[in-house]
Amino acid sequence: MTEQKPFVDIRNAQKSYGSLEVLKDISLQVARGEIVAIIGPSGSGKSTLLRAINDLDPLTGGEVWLEDTQVNRKLPHRQYEKHINQVRQDIGMVFQHFNLFPHLSVRENVTLAPKLLKGLSEDEAEALAREQLDKVGLIDRIDYYPSRLSGGQKQRVAIARALAMKPKVMLFDEATSALDPELVEEVNLVMKKLAEEHMTMIIVTHEMGFAETVCDRVIFMDKGVVVEEGPPSKIFRNPDNARTQNFLRKHLANANR
Amino acid sequence: MDFDLILRVYPFFIEAAWVTVQLAVLTTLLGLACGTLGAMARLSRLRIFRMIGAVYVSVFRGTPALIQLFILYFGGPQIGLQLDAFTAGVIGLGVNIGAYMTETMRGAIIAIDKGQAEAARTVGLSRYQTMRYVILPQAARLMIRPLGVNINALIKGTALVAAISVVELTYTAQRFIGSTYKPFEMFMISGALYMVIIYATGRGITWLDRKVRIV
C-alpha cells in the first residue's frame with residue numbers, strides 16, 4: 001500500500017442475509033489511480049463487496065468512504081436519497097449483463113444521466129457522447145439501438161455511459177463474463193486504455209490473465225473474507241495461502257480444458 | 001329473421017351504440033387513472049399505500065361488478081350520493097376495471113429487469129427519474145396488449161349498466177323486445193354492434209402496439 005490517504009476506504013464491511021454471513025469484517029483500501037482485481041470462487045462475496053461500494057447492496061455493518069465522503073451514511077430516507085444520488089455520480093459501474101437502456105439509442109444511453117443531472121445542452125451532450133464513444137471506439141454506432149449491437153459493443157457502450165458522468169472510480173462487476181470468448185478482448189482493450197489514463201478501478205473478474213497484466217494488486221476472497229492480497233506476480237506465481245493455491249489450480253485447469 | 005323490422009329499428013340501435021362507445025371511452029379513461037394510482041400505491045415504498053392498493057384490488061376484483069353498480073346506484077342515495085344512471089355506470093365500471101388495470105400495470109412494471117433500475121441508479125438518477133425515464137417507457141410498451149384485454153372486457157361489461165336503465169345497446173334490445181316480441185333479431189343487432197366496437201378497438205390496440213415497439 002502507498003502512504004497516501006486511501007481514495008476508496010472500506011472499513012470492517014459486514015453483510016448478512018439473516019443468519020448467512022456474506023461479508024465477514026472486510027477492510028480494503030484503494031489508492032487514487034490504483035487498479036485492484038478481486039478474484040475468488042462464486043459465492044465468495046466479491047460481487048457483494050463491489051456492490052456495497054456504491055451502496056447498491058447496503059452493508060449491514062461497517063463503512064464505505066470515497067475520499068472525504070462516507071457513502072453509506074445512515075440518514076432519513078429523503079436526505080439519504082439526495083446524498084446517494086450525488087455520491088453515485090462519482091462512482092461508475094459496469095455490469096455483467098450490460099443493462100443498457102433498450103428503448104434509448106446509444107447516444108441517449110450515454111447522455112441520459114448527464115443531461116438530467118448536469119443540465120447539459122443538446123450541443124454539450126452531443127459533444128460528450130462523441131467524446132465517450134470515440135474512447136470506446138463506437139462513434140459509428142451512435143444512432144444504433146442496443147438490440148443491434150454485439151455483446152462486446154454493448155459493454156463498451158455501457159462503459160461509455162458510466163464514463164460520461166466523469167466518475168472518480170470505476171467498478172467492474174464481471175464485465176466480460178457474459179461475453180463470447182472472441183468478444184472479450186475488445187472490452188479488455190478499453191479497460192486497459194482506462195488503466196493507462198490512471199482511472200481508479202476495482203474489478204471483479206474471473207480472467208486471471210487480465211488481472212495479472214493490468215492490475216496493481218489482486219485480492220483473493222473466499223467465504224466472505226479476504227484470504228490473501230498482493231501484487232499479481234505474487235498472487236498468481238507464488239501464493240502463500242493453500243486456499244488461494246487451490247483456487248488458482250482449479251481455475252487454470254478449467255481454463256485450459 | 002325479420003329484416004323489415006331490423007331496418008325499422010336499427011337507427012335506435014346506432015344511437016344506443018354511440019352511448020355504449022361513450023361509456024366505454026369514459027370508463028377506460030377513469031380505469032386508466034385508477035389503475036395508475038393503484039399501481040403506484042401497490043409499488044410504493046410505504047406500507048400504508050401498498051395496503052390501500054391491495055385492498056382496492058381485492059375488493060373490486062373479489063365482488064361482482066353488478067353488485068358494485070347496484071350499491072352505487074341504488075344504495076348511493078341512502079347515504080346521500082345521488083347519481084344519474086350514466087354517471088353511476090361510468091364511475092362503477094371505471095373503478096371496477098381500474099382494479100384489473102392496477103394489476104396489469106404493476107405486472108408490466110415489475111417485469112422490467114432489475115438491472116435497468118440498478119444501471120439507472122448507479123449513474124445517479126433518483127428513484128423518480130429512474131421510473132420516469134427508464135422503467136415506465138419500457139413498461140408502457142409491455143402494458144398495451146394486456147390493457148387491451150382489460151378494455152375488451154370492459155366494453156362487454158358496459159352491458160351491465162342496462163340493469164340500472166342506461167339506454168345503451170343491451171337496454172335498447174330489451175326495450176324493443178317488450179314491444180316486438182322478437183328477441184332473436186334484437187339481440188343479434190346488439191351483438192353485431194358490440195362486435196364492431198370491439199373489433200375496431202382491437203385493431204387500434206394492435207396498431208398502437210406495433211407503433212411503439214422497441215426497434
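Reader: Which element gives the most to the lining of the second largest pocket?
Author: This is a predicted model, where local features need pLDDT of at least 70 and side-chain atom pairs pLDDT 80 or more, while totals for chains, interfaces and linings use all residues. Residues are numbered from 1 along each chain, chains are lettered from A and ligands numbered from 1 in written order, and side-chain values use heavy atoms, without hydrogens and water. A pocket is an open set of points on a 1 Å grid over the protein atoms alone where a 1.4 Å probe fits, with protein on both sides within 12 Å along at least five of seven lines; lining residues have an atom within 4 Å of a point. With 4 residues, the main contributor to this lining (helices being DSSP runs of H or I, at least four residues, and strands of E, at least two, numbered from the N terminus) is H5(B).

Reader: How many charged residues are in the lining of the second largest pocket?
Author: The classes are nonpolar (Ala, Val, Leu, Ile, Met, Phe, Trp, Tyr, Cys, Pro), charged (Asp, Glu, Lys, Arg) and polar (the others, Gly among them). In this lining 5 residues are nonpolar and 5 polar, and the number of charged residues is 6.

Reader: Which element gives the most to the lining of the largest pocket?
Author: At least two residues of this lining come from each of H2 of chain A and H1 (3-42), H2 (47-62), H4 (85-110), H5 (114-122) and H6 (127-157) of chain B. Among the 37 lining residues, B:Leu43, B:Arg45, B:Arg127, B:Tyr128 and B:Met131 lie nearest the centre. By class, the lining has 19 nonpolar, 6 polar and 12 charged residues. The element that gives the most, with 8 residues, is H6(B).

Reader: How many salt bridges are found across the interface of chain A and chain B?
Author: Contact (heavy atoms within 4.5 Å) joins 25 residues of chain A to 22 residues of chain B. One salt bridge (a side-chain nitrogen of Lys or Arg within 4 Å of a carboxyl oxygen of Asp or Glu) pairs A:Glu81 with B:Arg121, at 2.8 Å from N to O. Across the interface, the number of salt bridges is 2.

Reader: Which element gives the most to the side of chain A that touches chain B?
Author: The elements of chain A that give two or more residues to this side are helix H2 (77-88), strand S6 (91-94) and helix H3 (106-118). The greatest share, 5 residues, comes from H2(A).

Reader: How many nonpolar residues does the side of chain A that touches chain B have?
Author: Here 7 residues are polar and 4 are charged. The nonpolar residues on this side of chain A number 14.
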